[in-house]
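Open the model in a viewer and follow the stops below in order. Each stop says what to select and what is found there.

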Amino acid sequence: MEKQLHDYQVGEDMLLPLLIKSADVRMTKDQKAYIAFTFQDKSGQMDAKLWGATPQQIEQFISGVVVQLAGKREVYNNTPQIRIAKLTLLEHANIDEFVQRVGMDAKAIEEEINASLFGITDASIARITRHIYKKYKQQFYEYPAAKRHHHAMVGGLSFHTLSMLRIANHLLTLYPQLSRSLLTAGIMLHDIGKVIELSGAISTEYTLPGNLLGHIVIMSDEITKACIELDIDDTHESVVLLKHVVLAHHGKLEYGSPVRPLVMEAELIHHIDMIDATMNMLTTSLEKVEVGTFGDKIYGLDNRMFFQHGIQ
């Protein structure tokens with residue numbers, strides 16, 4: 001079996017085909033162009049820089065293309081990276097062979113999510129949620145949940161949502177005072193705006209609405225549109241509460257939410273979101289390291305490195 005990206009050890013020479021997930025052209029202090037790459041195959045992602053990039057290289061080596069990479073795996077500031085020796089464009093490669101996907105069948109995810117939707121008993125919330133879900137269903141099962149960091153793979157958005165719904169179902173048995181309708185719908189809708197915020201699953205970038213508005217505001221607007229299309233009064237308390245749990249799900253203003261959680265369901269959705277995103281980042285990091293060693297720095301967790309222990 002041919003080696004994949006994360007099979008190579010530090011200091012080992014590398015020769016393998018890789019998908020360019022992102023290619024950002026930047027300038028050094030002395031105004032020389034370089035390309036900051038994120039390479040990917042089914043084993044994961046790794047960053048590299050091509051210093052002194054020529055105009056031809058900038059034109060050729062763009063996100064979404066496959067290249068043959070020759071180089072060496074290194075570590076910089078406790079983070080894995082590649083020192084590039086040579087890149088060659090592979091024009092007829094099958095991109096699907098390099099794409100990471102969630103480890104659960106999309107149909108199985110869909111069946112479980114559809115079952116959760118039956119738990120939304122508030123009529124207005126149910127109609128709005130199903131309307132938006134149906135509108136973006138295809139993208140919902142294809143898109144990642146983020147550009148990188150957590151669930152950044154094909155199907156990541158729907159799998160992240162399902163994981164949150166599973167957590168919520170357990171918590172509903174512990175805290176029966178919660179509204180199942182509001183909690184379920186809030187989780188269903190909290191990240192669907194990412195199908196507008198992000199460009200897709202292969203070479204994920206932020207769109208113009210993504211950069212200027214963000215998925216939180218985008219989804220609040222989508223709820224308003226749904227109310228207009230379904231002839232629902234968007235000033236009704238249940239609709240205002242649904243908007244609130246979506247707008248507040250990042251928890252703090254400095255994290256991108258325009259309001260902080262002010263109902264139990266909003267507070268809980270924020271914490272469930274953090275739990276699932278954190279566990280995905282930790283799992284992704286630690287599954288690549290041996291027992292008794294530390295994983296790579298995790299940017300989304302304050303650049304901490306976590307220890308892989310062997311205790312059962």
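## First stop: a buried glutamate

Select glutamate 222, which is buried, with a relative accessibility of 3%. The model is a predicted one. Now add lysine 225 to the selection: its side chain forms a salt bridge with glutamate 222, and the closest N and O atoms are 3.4 Å apart. Both belong to helix H9 (residues 215-230), and because they are three residues apart there, about one helical turn separates them. Lysine 225 counts as partly exposed, at 40% relative accessibility.

## Whole chain

Zoom out to the full protein. Eleven helices and five strands make it up. The radius of gyration is 21 Å, close to the 20 Å that the globule rule gives for 312 residues, so the protein is as compact as a globular protein of that length. Measured out along the principal axes, the C-alpha trace spans about 60 × 50 × 40 Å. Buried residues account for 47% of the 312. About 16,300 Å² is exposed by the protein, with 54% of that area supplied by carbon and sulfur atoms. Among contacts with a separation of 6 or more, 56% are between residues 24 or more positions apart.

## The barrel

Colour the strands next. The five strands close into a barrel in the order E1-E2-E3-E5-E4, with mixed pairing. On average, neighbouring strands of this sheet are turned by 50° against each other, direction ignored. Strands of a sheet pair through backbone hydrogen bonds, either parallel or antiparallel.

Start with strand E1 (residues 13-27) and strand E4 (residues 66-76), which pair in the antiparallel sense over seven bridges. To find one of these pairs, select methionine 14 and its bridge partner in E4, glycine 71.

Then turn to the pairing of E1 with strand E2 (residues 33-41), which is antiparallel and has eight bridges. Here valine 25 stands opposite isoleucine 35 in E2. Follow the chain from E1 into E2: the hairpin has five residues between the strands, and glutamine 31 takes a positive phi near 65° there.

Which way do strands E3 and E5 run relative to each other? Select strand E3 (residues 44-50) and strand E5 (residues 79-90): they run parallel and are joined by three bridges. Aspartate 47 has glutamine 81 as its bridge partner in E5.

## Salt bridges

Show the charged side chains. How many salt bridges does the count come to? The count is ten, and the pair in helix H9, lysine 225 and glutamate 222, is a salt bridge with 3.4 Å between the closest N and O atoms.

Select lysine 3 and glutamate 12. Their side chains meet in a salt bridge, at 2.2 Å from N to O. Glutamate 12 is partly exposed, with a relative accessible area of 24%. Lysine 3 is also partly exposed, with a relative accessible area of 38%.

Move to helix H2 (residues 106-117), where lysine 107 and glutamate 110 are three residues apart and therefore separated by about one helical turn. The two form a salt bridge, with the closest N and O atoms 3.9 Å apart. Is each end of this pair buried or exposed? Lysine 107 is exposed, at 56% relative accessibility, whereas glutamate 110 is buried, with a relative accessible area of 14%. Add Lys137 to the selection: Lys107, Glu110 and Lys137 are linked in a network of salt bridges.

## Lysine 194

Select lysine 194, in helix H7 (residues 194-197). Lysine 194 counts as buried, at 7% relative accessibility. Which residues does lysine 194 touch, not counting those up to four places away in sequence? They are Tyr143, Ala145, His150 and His215. Draw a distance from the C-alpha atom of lysine 194 to that of methionine 219: the two residues are 25 apart along the chain, and the atoms are separated by 8.7 Å.

## Last stop: histidine 151

Select histidine 151, which lies in the loop between helix H4 (137-140) and helix H5 (156-174). Histidine 151 is buried, at 3% relative accessibility. Display its surroundings, leaving aside neighbours within four places in sequence: histidine 151 is in contact with Pro144, Ala145, Ala146, Gly156, Phe159, His160, Asp276, Ala277 and Asn280. Ala145 also appears among the residues that lysine 194 touches.

Key. Residues numbered from 1 in each chain as written. Predicted model: local features only at pLDDT ≥ 70, side-chain atom pairs only at ≥ 80, totals over all residues. Heavy atoms only, no water. Helix = DSSP H or I, 4+ residues; strand = E, 2+ residues; numbered from the N terminus. Buried < 20%, exposed > 50% of the residue type's maximum accessible area, 1.4 Å probe, protein only. Contact = heavy atoms within 4.5 Å. Pairing = 2+ DSSP bridges. Axes fitted to C-alpha atoms, helices over the stretch in contact; angles between N-to-C directions. Rg over C-alpha atoms; globule rule 2.2 N^0.38 Å. Areas by Shrake-Rupley, 256 points an atom, 1.4 Å probe, with all protein chains shown as cover. Salt bridge = Lys/Arg side-chain N within 4 Å of Asp/Glu carboxyl O.
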